[in-house]
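Visitor: I'd like to go through this one and ask why things are called what they are called. Shall we pull it up?

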Amino acid sequence: MAEKLQAVEVLYCGVCGLPAEYCEFGSEFEKCKPWLIQNAPDLYPDLVKDSNLKEADKVSDQLQSTSISEGSSTSKKEEVKRLPGGKIKKKDKQEIIIEKVTRNRRKSITTIKGLEIFGVKLSDASKKLGKKFATGASVVKGPTEKEQIDVQGDISYDIVDFITETWPDVPESAIFFIEDGKKVPAA
């Protein structure tokens, strides 16, 4: 009879989220070292030896620095959301971008990006835009895989007033136009 195979227990790093054996190949190995010394000393025995030597140096440095900097406060560190593998998740900017794209020389499409950040349902917004400007409007995925509203025709002349009146949560200072590849404030 064949032996029954047992599942392998994998220890994942509490800092970067990679398996502990692969932390040295990640982008945050320096930050992972204290966690690895405490939780997986058998995987990296060199770290344990180095940490014992460095601990004595750190204690003496801390004693010297506390006498110098007793009056100073600790610096604030920004909290950044880290994804597994060391990737950093960026926060979405609180802005609406309106861009006019010309197609077939005479026809144009006005693209509105970023309304969903202010809590606006894009499907409802496209219906309201279509009714207000008597044109076709639809929700599509843009090149960055985020949803945006495409409205047929050039409605950039009146769109800022319509957005600020219809959705009072959207400040006029958060609306920008893209003209000749440059971001220009609407106000």
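**Helix H3 and its surroundings**

Guide: Just past H3, Ala-134 has a positive phi of about 50°. Bear in mind that this is a predicted model.

Visitor: How do you know that the span of helix H3 agrees with its 12 residues?

Guide: H3 covers residues 122–133, and at 1.5 Å a residue it should span 16 Å; the end C-alpha atoms are 16 Å apart, so the two agree.

Visitor: Which residues of H3 are buried?

Guide: Leu-122, Ala-125, Ser-126, Leu-129, Gly-130 and Phe-133.

Visitor: And what makes them line one face of the helix?

Guide: Looking down the axis of H3, the buried residues fall within an arc of 135°, so they line one face. They pack against strand E4 (107–113), strand E5 (137–141), E6 and helix H4 (159–166). On the face turned away from that buried side sit Lys-127 and Lys-131, both exposed.

Visitor: Why is Gln-148 called buried?

Guide: Buried means under 20% relative accessible area. Gln-148 has 10%, so it is buried. This residue lies in strand E6 (residues 147–152), and its contacts beyond four places in sequence include Leu-122, Ile-112 and Val-139.

Visitor: Why does Val-10 count as partly exposed?

Guide: Partly exposed is what falls between the buried limit of 20% and the exposed limit of 50%. Val-10 is at 41%, so partly exposed is the right label. You'll find Val-10 in the segment before helix H1 (29–39).

Visitor: What surface patch does Val-10 help to make?

Guide: A nonpolar one of about 320 Å², together with Val-8 and Tyr-12.

How values were computed:
Residues numbered from 1 in each chain as written. Predicted model: local features only at pLDDT ≥ 70, side-chain atom pairs only at ≥ 80, totals over all residues. Heavy atoms only, no water. Patch = residues over 30% accessible without salt bridge, like charges linked within 9 Å, V, L, I, M, F, W, Y side chains within 5 Å. Areas by Shrake-Rupley, 256 points an atom, 1.4 Å probe, with all protein chains shown as cover. Salt bridge = Lys/Arg side-chain N within 4 Å of Asp/Glu carboxyl O. Helix = DSSP H or I, 4+ residues; strand = E, 2+ residues; numbered from the N terminus. Buried < 20%, exposed > 50% of the residue type's maximum accessible area, 1.4 Å probe, protein only. Contact = heavy atoms within 4.5 Å. Expected span 1.5 Å × (residues − 1). Arc of directions from axis to C-beta.
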